[in-house]
Structure formats: C-alpha cells, structure tokens
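Here are a few short exercises to work through with the model open. Try each one yourself before you read the solution.

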Amino acid sequence: MKTVQREARPATPEVAARKEFVTPEVNIFETGEGYVLEAEMPGVNKEGLEITLEGNEITIVGHRAPELMPGEPLFRESQPRDFRRVFELDPVIDTGRISAHVEQGVLTLTLPKSERVKPRKITVA
Amino acid sequence: MNGLMRWQRPETAVWPGFGRLTDLREEIDRLFEEPLGDLVQSSQLMSGWTPALDMFEDKDNLYVRAELPGMKKEEIDVSLHEGMLSISGERKNEGKYEKAEVYRTERFVGRFQRTVTLPTPVAPDKVKAQYKDGILTITLPKTEEAKPKHIDVNVS
C-alpha cells in the first residue's frame, strides 16, 4: 500500500467502550502540493478544536460548544459527544506547516508536502 | 534499463462516485462495534443523508435543531405545511479537488430531506431559523391557543 495518510488505531478499545467520542466523517485528497483533510464536526467551532501531533500521528479532537438546551427535549437524535479521530501521516508532509480552518462545523486541515518532494518543473535553458 | 517508462496514472484513485462503496468495509466493521441505535444514523450507504434532528419545547416555543455541517445558508430550505416541518437541501460537490487523488470520501454529497410532525400548532409567520457551527436551529412560536394557560381557581 502506498504511504497515504492512514487511519491509525480507529478508536482504541477503551475509548470505544466508554463511548466518549464520535468518529467524524472525513474526505482526504492529495494534490501535488500536499494533502487536504475535511472532517465533519457539527457544533464545533475554533475554540473547541484540539489538534495534536505526536511522532507521525495526528489526533483531531473536536469539543462541541456548550449547548444551550432550549427547553425540554421532546426527542433527540444528535449525540452530545465530542469528536475524535487519529491519522498516520505520510512522511512527506511538512509537519511544521500544517494549518487548520473550521467553518460551519467542517474542519479543513491542509498538510503541505515538504519542498523536497514537491513535483518540480524543470525549465529548459 | 527502462528508466523513462510510459507513465500511467495509478488506478488507486477512487472515482468520487464510488467513494461510498469503498467505505463498505468500514461500514461492516462498524456493524460489529456499535450498538444498533448508532447504526441507524451512521449507515448512510443505503439511505443517503439523514441529518440528526432534535426537538425541544418550552412554554412559548418549539425548537427543532438539525446537524448540517458544511452547508451554505442558501442551500438549506425550511418549510412548514399543515403542521409538518420540512428541512431539505443539497450539498454540492464543490469540485475543488477534481484533479486530486481521492483517498476517502465519507462526507455525503447530494440531496437530503427530513420532515417532522409538530406536536402543537405554531404561528407560521413568526418562525425563525439560525445556522451556526453547522447546526440549524429553528424556533417555532406556539399559537396562543396552544400555549399552556394558567387559570386561577378559587377554592372555597
């Protein structure tokens, strides 16, 4: 298999057992410049995001903004749990330049490749 | 030596339309991990997108909340008809990464619709909706007749 961003440890058994987190749905693309990861985290804003890099793993945690319960619940399908997912990073990613952006509950992570491995145009002299 | 081979785009790239199918394995994995209740929601393979819906009530209003991450306000339609509230819309493929290799496409693209029957009559002209952090909140004021009334009874 190609060194893509792979999902590392999809929710450890302990975490899954405690049901503390919801796994957000993601899209992952790769361009010449790098990778783009989009994750759906409704109810999460900038303040609720927690992204940690450890070795070649990136952990995305989204805490939902404290919700105001407008009155008594009649029925409820949403899960008031936080989001979490861990990915293994392709070694070509320049971890120093990873950036994140959240808009309407969707996190976009931009993971640029280091200059060394980027496709380059060779000009003919 | 054959250093400069005819290059072909690797077949690993998933055609976006098949994205959901490649998730089948994960979906099956999840089947064994999660209780049934969660599956109803997470399994969008067959049913399309079913955004989670909540309903609340207080003395004056009904509140309906839907999780619709990554939409544009203009793409969400809210309508009220004979005591039924409908939320619908379409999430379009933005085509931003058309030339990119696709590794995962779990996010739903396409139309969705959810309809709920409201438990009490509401004033249709006073309905308000707000969209923030990917959550749509609709406030539906109850009609005067539907509000609980406090009646003082003199007990002699």
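**Exercise 1.** Find the bridge partner of A:Pro73 in β1(B).

*Solution.* Keep in mind that this is a predicted model. Start at A:Pro73 and look across to β1(B): the partner there is B:Phe56. Now widen the view to the strands. Strand β7 of chain A covers residues 72-76, and four bridges join it to β1(B). The two strands run antiparallel.

**Exercise 2.** Work out which strands of chain B help to make up its side of the contact with chain A.

*Solution.* First, count heads: chain B brings 28 residues to the contact and chain A brings 33. Next, look for strands on chain B's side that each give at least two residues; you'll find β1 (53-57), β2 (61-67) and β5 (101-105). Last, sort the residues on that side by kind: 13 are nonpolar, five are polar and 10 are charged.

**Exercise 3.** Explain why strand β4 of chain A is largely enclosed by the rest of the structure.

*Solution.* Step one is burial. A residue counts as buried when 20 or more other C-beta atoms lie within 10 Å of its own. In β4(A), residues 34-40, six of the seven residues are buried, so the strand is largely enclosed.

Step two is to see what β4(A) pairs with. Strand β3 (residues 26-30) of chain A is joined to β4(A) by five bridges, running antiparallel. Here A:Asn27 sits opposite A:Glu38, and the two strands make a hairpin with three residues between them.

β4(A) also pairs with β10 (residues 106-112) of chain A, antiparallel over seven bridges. In that pairing, A:Gly34 has A:Pro112 as its bridge partner.

Notes:
Residues are numbered from 1 along each chain as its sequence is written. Chains are lettered from A and ligands numbered from 1 in the order in which they are written. This is a predicted model: local features need pLDDT of at least 70, side-chain atom pairs count only at pLDDT 80 or more; totals for chains, interfaces and linings use all residues. Two residues are in contact if their C-beta atoms, placed from the backbone, lie within 7 Å. Ala, Val, Leu, Ile, Met, Phe, Trp, Tyr, Cys and Pro count as nonpolar, Asp, Glu, Lys and Arg as charged, and the others, Gly among them, as polar. Two strands pair if DSSP finds at least two bridges between them. A residue is buried if 20 or more other C-beta atoms lie within 10 Å of its own, exposed if 12 or fewer, and partly exposed in between; C-beta atoms are placed from the backbone.
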